[in-house]
Structures are given as structure tokens and as C-alpha cells.
Amino acid sequence: MTDPKKIRNFCIIAHIDHGKSTLADRMLEETKTLDPKQMHAQVLDSMELEQERGITIKSHAITMEYTASDGITYILNLVDTPGHVDFSYEVSRSLAAAEGALLIVDAAQGVEAQTIANLYLAIDSNLEILPVINKIDLPSAQVEMASRQLVELIGCDIDDILLVSAKEGIGIGELLEEIVKRVPPPGGDPDAPFRALIFDSMYDNYRGAITFIRVVDGEITPGKEVFFHQTRKRYTAEDIGILRLDKIPRKKLSVGEVGYLVTGCKEIRDTRVGDTVVDYLLRDKLESLPGYREPKSMVFSGMFPADHENYENLREALTKLSLNDASLRYDPETSTALGFGFRCGFLGLLHMEIIQERLEREFDLNLISTVPSVRYKVVENNGTESWLSNPVDFPDRGRIDHIEEPIVRGQIITPTDHIGAVMKLARDRRGAFINQEYLEKTRVNLTYDFPLAEVVFDFYDRLKSQTRGYASFDYDFINYKPAELIKLEIMINGDPIDALSMIVHVDKGYDWGRKVVDKLKNLIPRQLFEVAIQAADGGKIVARSTVKALRKNVTAKCYGGDITRKRKLLEKQKEGKKRMKQFGSVEVPQEAFLAILKVDD
């Protein structure tokens with residue numbers, strides 16, 4: 001058994017691209033955890049997408065051994081965390097598995113919105129915060145500015161701030177020493193019954209669902225019967241061990257240790273992040289650890305194969321992805337325009353982008369996705385409540401008492417030069433101003449309450465373009481509020497196209513309708529008859545655009561003669577077009593569905 005006093009569990013929290021994964025690489029090198037042949041850039045980011053985008057999507061954990069200046073060898077457990085707001089619940093569970101957090105700030109960028117959001121999560125978890133300024137070797141580094149911001153943010157002394165360069169390996173030894181000195185050893189009772197927190201899980205084709213745990217009390221050995229609190233499932237511990245790049249088996253995991261647990265469970269939804277694993281024999285006497293939350297989909301979109309023959313391939317691909325991602329939800333859906341597909345639920349827009357890109361890359365699928373929507377609460381006149389995530393299911397207006405939309409609290413950190421542009425954007429997106437706080441003379445932190453539907457669409461892209469890429473944004477769900485919402489239907493020659501339907505605020509019905517029909521006018525190919533494109537709110541048409549008919553010059557063969565000859569041919573053509581319009585159908589190209597996602601361009 002490892003003495004808990006020699007264990008240090010910590011995590012790294014930082015904004016995207018502030019050097020979190022690179023710092024982890026240097027720590028692994030300094031502690032000689034991995035063979036030099038195993039080392040490569042962003043070694044903990046195992047997915048190709050993570051390496052390309054420079055972000056952490058799936059959290060990782062790794063155990064290091066470090067001999068400190070006092071001659072004692074300590075066990076350092078790094079519980080890596082995802083960086084994006086979509087995965088904030090996973091971040092909170094990783095924080096719950098640790099006693100300390102390295103708060104990393106880019107010396108050139110300073111404190112960003114996500115830094116603050118994850119810092120508050122760490123403070124709520126009562127973690128010891130070690131402020132670290134990274135990238136001090138950059139010519140554009142402003143160490144004094146970043147130091148001032150950190151002092152104001154967490155109230156630390158300027159001497160407590162550690163200066164490192166993860167790329168060059170500067171200050172890594174000093175950082176490891178400070179982790180040993182300042183991060184407290186784990187608590188817990190080694191003689192109490194076994195209890196552990198699940199902070200992550202993954203699926204293995206041969207061994208089933210593998211859970212990553214932090215032992216809170218007692219110890220676990222292979223063969224022990226365990227019980228999962230939330231799913232009420234009983235399993236036997238087949239294999240346990242610690243985490244390096246591979247899984248290294250151990251005969252025992254005890255208080256404070258971080259490792260893996262294999263139970264032979266074949267369903268990843270039974271091993272939920274945040275759940276508590278306890279000794280089966282004492283399951284009724286042991287309480288679950290606080291903070292568990294069901295995975296909640298916030299953004300919904302329909303996914304359809306471009307080729308209808310790939311429907312079964314898409315189903316199989318989603319099934320395989322959901323084995324490793326318990327937060328992915330999908331249900332079969334049928335669209336008159338796009339055929340058979342799936343209505344998928346995601347944690348956020350980034351989560352949706354990642355899933356779509358993985359489906360296209362790993363499973364060689366060509367997909368069409370519908371406009372992202374959020375989940376609304378519908379309260380009917382008789383008091384019954386229901387959830388609405390697909391515009392097609394929008395109920396009859398006469399039955400609705402009111403509809404509630406999800407509201408998020410957003411933090412925008414921007415240079416003071418761009419305050420006006422940011423406030424205008426927030427006002428356009430129905431943001432309610434809450435607070436304005438100057439971090440220093442040149443940067444300001446703006447707090448707004450936004451409807452989630454206004455944020456998930458393209459808010460981040462617009463914010464970046466308005467502020468020349470300098471602003472950062474983070475949000476957190478707070479509650480549901482009543483709002484006046486309508487279903488905007490797009491009709492082509494009187495036929496509604498369900499895949500283009502959307503739920504919008506009543507004040508934006510006309511603007512959206514006008515933009516969509518104008519965009520579609522340029523994308524739908526011309527026919528031999530006029531094509532009417534209309535946006536409708538219920539039975540009321542709010543915007544219309546017309547694709548002009550292709551004209552054949554039927555009078556070309558008339559050389560002179562009486563005008564009635566030409567008129568007769570034109571009348572005949574007119575009758576034919578009328579008949580064609582009656583029976584003709586318009587094929588909507590794939591580009592039309594993708595264009596709706598960029599309707600503001």
C-alpha cells in the first residue's frame with residue numbers, strides 16, 4: 001500500500017491553446033515516466049482530432065513517480081481535463097478527483113474567459129490553486145501583465161506565481177517541487193469500506209467498459225464485488241491498476257490512488273462519470289459522493305446520410321461512437337426532404353462538430369446536418385409539460401400556454417477597444433446585461449444572460465470576427481425562462497421542407513425568413529417554371545422570394561408575319577408552364593441545408 005502522504009493528485013486547468021498538453025509532456029519527460037521512444041507532442045491527446053485542433057476532447061489520467069529534493073519519492077497523479085465549455089461537467093468531476101490544480105495562463109494572452117470559469121469550478125471543489133504563467137520565452141510575452149491579472153483574480157502573492165515555458169522546458173523542475181510542497185495529500189480513511197469516484201470511462205472491444213476511478217476510502221482488490229450507485233448494478237472487479245500510457249495491473253488500489261477498474265460491464269452507460277463505486281456488501285450503508293449529474297444534451301441536430309443507402313452504416317457508426325461517449329444521444333428520424341436519419345443530442349456545438357467530423361473521417365460517411373436547435377419546455381393550457389427539441393414537433397398554438405427557453409450566463413473578456421461592437425452583438429442576440437468589470441486598463445470582463453439558442457448557432461465566430469480574434473467567451477447554463485417563440489417554416493412551391501424548419505423568437509421571424517429565402521433563391525437551380533420560396537409563421541407568410549423560370553425562345557422561328565403568330569406561340573408556352581408547375585417537383589440541393597448554418601454571412 002502506498003502511503004497517502006506520498007501521493008499528490010492534481011489537474012491542469014487552462015483556456016484553449018494556453019499550453020496545457022505541452023506542459024503535461026514536459027512533466028512526463030522530467031519524471032522519466034515514458035520511454036523517449038514513446039514521447040511525441042501532446043502525448044496525452046490520443047485522438048487525431050485533438051492533435052490537429054490543439055484541444056483536449058477526452059480527459060486522460062497518468063501516474064508519475066518523482067523524487068523530490070528531500071529524497072522522498074512521491075506518486076504524482078495528473079488527472080487531465082478537457083478544456084472546452086461543452087465538457088464542463090467532465091471538468092468538474094476531474095477536479096473532484098484531485099486536491100490541487102495548476103492554473104495556467106498564457107504570458108502573451110493573459111487571463112481568458114474559460115480560465116475564470118474553470119477556476120471557479122476548482123474553488124468550489126476546495127482545491128489548492130497553483131498559478132502558473134506559461135510561454136515566458138515568447139517575444140510577445142507580457143509576464144508583468146499576466147501576473148497582475150492573476151493576483152487580482154485569485155488574491156495570491158506575486159511570489160506564489162510560477163514562471164515556466166512548456167515548449168523550452170524552463171521551470172518544470174521547480175513546478176514539480178511546488179506541487180509536492182503545496183498540493184495537500186489526499187484525505188480518506190484507509191480502514192473504512194471501499195468507496196471511489198468515477199471521473200471517466202472508456203470502452204474496450206475485448207474488456208468492455210473500463211472505468212477510471214479515484215479511491216476515496218478503503219481499498220479494492222481483484223475479485224471484490226462492487227456496486228454502482230446510480231445504475232444500481234453489481235459487478236466483480238476483474239482487473240485493477242494504475243495508468244501510464246498503458247494500463248499497468250496492480251494487486252491493490254488504496255486511499256488517494258488513481259487508477260482503472262475493469263468489471264466486464266458491456267454497456268458504457270452503466271459506468272457514468274461522477275457515479276460512486278462502493279463495496280457491494282455494504283451498499284446500503286455507504287452514501288454516494290456529491291456532485292453527480294445525468295449527462296444532459298443541450299444542442300440537437302438531425303444527421304442524414306447524403307446517400308440513402310448509407311443509413312445502416314450511419315446507425316452502426318453512431319452505435320460505435322456512443323460506446324465511448326455516454327453523452328451522445330440519437331433517435332431515428334424521418335424527413336420528407338432528406339429521407340431517413342437520426343436526431344442527435346450533443347453537449348454543445350463543439351461536441352456536435354467533433355462527432356460529425358469523426359463520423360465522416362473514421363467511418364467514411366458523407367452527412368447532411370440540419371440547423372442546430374436547443375431543448376425547449378412547452379407548458380400547455382391544461383398544465384402538462386413536455387420537451388421540444390425538433391421544430392417538426394412544434395405543437396398547435398391553441399394548446400400552448402407558454403414556452404420556456406434555456407438561458408445561459410456568458411462571460412466575455414475583450415479588449416476595451418471592442419466594447420461597443422461586443423455590446424451591439426450581445427444586444428442583437430437578446431443578451432441581458434448583468435455586469436462589467438475591468439481586469440486592467442485594456443481588458444474588460446462583460447457578463448450577460450443569453451438564450452442558449454442565440455449562443456450555439458454562430459455567436460462565437462461572430463464575436464471573434466468583431467474583436468479581431470482577441471475576445472474569449474465562456475458560458476454556463478442557469479435556468480429556463482418564458483419567451484415568445486414561433487416555428488418558422490420554409491416552403492417551396494407550397495410544400496413545407498421540414499429539414500429547414502426552425503424555432504425562432506417572434507421579433508426575429510421576419511429577419512430570419514427574409515435571409516433564408518434570399519439565400520435559397522441563389523442556391524435552388526432554375527426550372528422551366530417559376531419556383532416560389534416562402535417563409536411562414538403558422539398560416540402567415542412573412543417573406544417570399546421567387547426563382548425565375550428558364551425561358552425557351554419559342555418565337556425564334558417567326559421571321560416577320562402578323563404579331564398574332566407570336567402571341568399564339570407565347571400563349572401556348574404559358575399554358576404548358578402552368579401544367580408543368582402543377583406536376584413538377586423541385587429538388588433541393590445539399591448546399592441549401594448547409595447554407596442555413598451560415599445564413600448571417
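Which residue stands opposite R195 in β8? I looked this up before anything else. R195 faces D217 in that strand. I note here that the model is a predicted one.

**Entry: the whole chain**

I counted the secondary structure of the protein chain and got 14 helices and 32 strands. The chain has 601 residues, and 55% of them count as buried. I then took the contacts between residues at least 6 apart in sequence; 69% of these join residues at least 24 apart.

**Entry: the eight-stranded sheet**

I went back to the strands of my opening question. β7 covers residues 195-204 and β8 covers residues 208-217; the two pair in the antiparallel sense over nine bridges. Both belong to an open sheet of eight strands, and I wrote down its order as β11-β10-β16-β7-β8-β15-β12-β13. The pairing in this sheet is antiparallel. At its edges I found β11 (233-236) and β13 (247-249), each of which pairs on one side only. I also noted the turn between neighbouring strands of this sheet, which is 40 degrees on average with direction ignored.

**Entry: the six-stranded sheet**

I followed a second open sheet, made of six strands in the order β2-β3-β1-β4-β5-β6. Its pairing is mixed. The edge strands are β2 and β6 (162-163); each has a single partner strand, so one side of each has no neighbour in the sheet. I checked the β6 edge. Strand β5 (residues 128-134) runs parallel to β6, and two bridges join them. One pairing I looked up there is I133, whose bridge partner in β6 is L163.

I then listed helices that pack on this sheet. Helix α1 touches β1, β2, β3 and β4, and its direction makes about 150 degrees with that of β1. Helix α5 (residues 143-154) touches β4, β5 and β6, and its direction makes about 165 degrees with that of β5.

**Entry: helix α1**

Is α1 mostly covered or mostly uncovered? I found it mostly covered, with eight of its 11 residues buried. The buried ones are K20, S21, L23, A24, D25, R26, M27 and L28. I asked what covers them, and the cover includes β1 (7-14), β2 (61-67), β3 (73-79), β4 (100-106) and α6. After α1 comes K32, which has a positive phi near 55 degrees.

**Entry: α1 against α6**

Two packed helices are described by the angle between their axes and the distance between the axes. I looked up both for α1 (residues 20-30) and α6 (residues 172-182): the axes come within 10 Å and cross at roughly 85 degrees. An angle of 65 to 115 degrees counts as roughly perpendicular, and α1 and α6 are therefore roughly perpendicular to each other. On the α1 side the contact is made by L23, R26, M27 and E30. On the α6 side I172, G173, L175, L176 and I179 take part. By class, I recorded six nonpolar, one polar and two charged residues in this contact.

**Entry: nonpolar cores**

The largest nonpolar core has 45 residues. I looked for the members that touch the most other members and found L359, I412, F450, L463 and F473. Helix α7 (residues 311-324) gives the largest share of this core, five residues. There is also a second, separate core of 28 residues, including I12, A14, L76 and L176.

I looked at I412 in more detail, leaving out residues up to four places away in sequence. Its contacts include V422, V444, F450, L463 and F473. N445 and S472 are also among the residues I412 touches.

**Entry: A421**

A421 lies in helix α9 (residues 419-428). Its relative accessible area is 27%. Buried means under 20% and exposed means over 50%, so I entered A421 as partly exposed. L463 is 42 residues from A421 along the chain, and their C-alpha atoms are separated by 8.7 Å.

**Entry: a hairpin**

My last look was at strands β31 (residues 531-537) and β32 (residues 540-547), which run antiparallel and are joined by seven bridges. A532 has T546 as its bridge partner in β32. Two residues lie between the strands of this hairpin, and G538 takes a positive phi near 65 degrees.

Terms used: Residues numbered from 1 in each chain as written. Predicted model: local features only at pLDDT ≥ 70, side-chain atom pairs only at ≥ 80, totals over all residues. Heavy atoms only, no water. Helix = DSSP H or I, 4+ residues; strand = E, 2+ residues; numbered from the N terminus. Buried < 20%, exposed > 50% of the residue type's maximum accessible area, 1.4 Å probe, protein only. Pairing = 2+ DSSP bridges. Axes fitted to C-alpha atoms, helices over the stretch in contact; angles between N-to-C directions. Parallel < 35°, antiparallel > 145°, perpendicular 65-115°, else oblique. Contact = heavy atoms within 4.5 Å. Nonpolar A, V, L, I, M, F, W, Y, C, P; charged D, E, K, R; others polar. Core = buried A, V, L, I, M, F, W, Y, C linked by side-chain atoms within 4.5 Å.
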